[in-house]
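Colleague: Please take a close look at a single part of this model, and set it against the chain as a whole before going into the detail. I would like one connected account, with the cut-offs behind each term.

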Amino acid sequence: MSEFWLISAPGDKENLQALERMNTVTSKSNLSYNTKFTIPDFKVGTLDSLVGLSDELGKLDTFAESLIKRMAQSVVEVMEDAKGKVQENLLANGVDLTSFVTHFEWDMAKYPAKQPLLTVVDTIAKQLAQIETDLKSRTATYNTLKMNLENLEKKSMGNLFTRTLCDIVSKDDFVLDSEYLITLLVIVPKPSYTQWQKTYESLSDMVVPRSTKLIAEDNEGGLFTVTLFRKVIDDFKTKAKENKFTVREFYYDEKEIKREREEMSRLLSDKKQQYGPLLRWLKVNFSEAFIAWIHIKALRVFVESVLRYGLPVNFQAVLLQPHKKSSTKRLREVLNSIFKHLDEVAAASILDASVEIPGLQFNNQDYFPYVYFHIDLSLLD
C-alpha cells in the first residue's frame, strides 16, 4: 500500500517499551511495516508560538498536498502520449516516493534545524508559493498553446459538412480569377453518386459539362466540384437542395489556406519546443514540492508532540506502512490499545495549559491517544 501513518509517543522508558510492543504485535500479525522516523531537535520557543505554528502548519500541509497533486496531474497532461511512463517521472531526489518516505532524512542544508522553527516553516512556505506561481505561469502558456492546436486539429475532424477543407482541396480543383465562372463544392450522399453524375449538368442552366470531380470522401458521402456561371449560383443551390445535394459554402483563398497551414506547423513546432523544458521543470519541482511536503509532516509531528507531551522535548516518531487496506481497522485498534494510557496525560496537559491542542478531539472517532498524521501516496497514482 502507498499509505503511511506517522505517529509519535513520549520517549520515556514506559513508552519506548510500548513502541517495542507495537512493533512486535504489528510484525507478528502482519499488520504493518514500521521504521523509526528521525526528526531533529528544533528551537522550540514558547508554547503559545507553537500553538499558532500548529495551525499554520496544518494549512501549509493542505496546500503542499494540493500542489503536488496538481503537479502530478500536469505531468499526466503533458505526457499525454506516454502516460505509461508518468510514474517514472514522479520521483523525489531521484528515487520513488515510497522509498523517499521510508528512508526520510531531514535536509539540514536546505532547512537548517538550528534556525527558529518559524524561520524553517517560512522558508518552506515561500518555496512552495514560488513553485505554485511558476506552475501556473508555465502550464497556462503550454495549455493555451495546446488548446489552440487542438482547436485547429478539430477543424480537420468531423464530416464533410463541418471540417476544414484547407487540407483537402488544391488550387487545381477550382476555376479562379474568372469574371463569369465559379467552382462550387457539393456534398453528395454515397447512395446518390450515380444520380449526381446523371443530373448535375441539368440542375440549372449554364453548368459546365463534365466539370465535376470527386475530391474527398467520408463515411457518409463525397465532396464533388462543379463549375458553372456565377449568375446561376442561387438557382443551382436551390435545385441541388431539392435533390438532397448540399452546396458547401467555400471559396478558395490561397492566402488563408497558407496561413492556416503555417499556423498548424508553428503550433506543432512550439508545442514540441516547450514539451521538453516544461516536463523537466515539472520533474525537478515536483521532487522539490514533495520533499518539502514530507518535511512539513515531520514538523507537524514535532510541534504536536511538544504540545501534547510537554517539555523538555522527548518523543519517538515512527513511520508505519499498513500492509493492506483491510487491516487498517485492526492496526488502529492495536495502536489505541497499546497507547491508551496516554489519554490521561494528554487530557491533563490540555487542562494545565488551558489551550486547545489541534488534533485532540475527545469523544470523536478521529481522536487518537498518540500524535498521528496520514500520508497517502495513492492520491498521486
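**The loop around S211 and its setting**

Modeller: The 49 positive and 53 negative charges of the chain have mean positions that lie 3 Å apart, where Lys and Arg count as positive, Asp and Glu as negative, and His and the chain ends are not counted, each charge being placed at NZ of Lys, CZ of Arg, CG of Asp or CD of Glu. The model is predicted, so local features need pLDDT of at least 70 and side-chain atom pairs count only at pLDDT 80 or more, while totals for chains, interfaces and linings use all residues. Residues are numbered from 1 along each chain as its sequence is written, and side-chain values use heavy atoms, with hydrogens and water left out.

First, the chain as a whole. Its radius of gyration is 34 Å, whereas a compact globule of 381 residues would have one near 21 Å; this radius is taken over C-alpha atoms, and the globule rule is 2.2 Å times the number of residues to the power 0.38. Along the principal axes, the C-alpha atoms fill a box of roughly 105 × 40 × 35 Å. The chain contains nine helices and eight strands, these being DSSP runs numbered from the N terminus (H or I and at least four residues for a helix, E and at least two for a strand). Of its 381 residues, 46% count as buried, a term that means under 20% relative accessible area, with exposed meaning over 50% and partly exposed the range in between (1.4 Å probe, protein chains only). Among the contacts in the chain with a separation of 6 or more, 81% are between residues 24 or more positions apart, a contact being heavy atoms within 4.5 Å.

Now the part itself. S211 sits in the loop between helix 5, residues 193–199, and strand 4, residues 213–217. S211 counts as buried because its relative accessibility is 14%. Its side chain reaches the backbone oxygen of V208 at 2.7 Å, and such a polar contact is a pair of N or O atoms within 3.5 Å, of which, within protein, one must be able to donate a hydrogen and the other to accept it, with residues adjacent in sequence counted only if both atoms are side-chain atoms. Apart from neighbours within four places in sequence, S211 is in contact with Y200, T225, V226 and T227.

Two further residues of this loop have unusual backbone angles to inspect. M206, also between helix 5 and strand 4, is not a glycine and yet has a positive phi of about 65°; with 36% relative accessibility, M206 counts as partly exposed. R210 belongs to the loop between helix 5 and strand 4 as well, and here too the residue is not a glycine although its phi is positive, at about 55°. R210 counts as exposed because its relative accessibility is 74%, whereas S211 is buried at 14%.

On the partner side, T225 lies in strand 5, which covers residues 221–229. T225 counts as buried, with 2% relative accessibility. Beyond residues up to four places away in sequence, T225 touches D173, T183, L184, L185, W196, S211, T212, K213 and I215, so the list for T225 includes S211.

For comparison, here is a site in the helices. V78 is found in helix 2, residues 47–78, and is buried, with a relative accessible area of 4%. Not counting residues up to four places away in sequence, V78 touches Y142, Y275, L278, L279 and L282. The C-alpha atoms of V78 and T139 are separated by 9.1 Å, although the two residues are 61 apart along the chain. T139 belongs to helix 4, residues 117–155, and counts as buried at 14% relative accessibility; a polar atom of its side chain lies 3.5 Å from the backbone oxygen of K136.

A second loop also deserves a check of its backbone. The peptide bond from L311 to P312 is cis, with omega near -5°, and P312 lies in the loop between helix 7, residues 254–309, and strand 7, residues 315–322.
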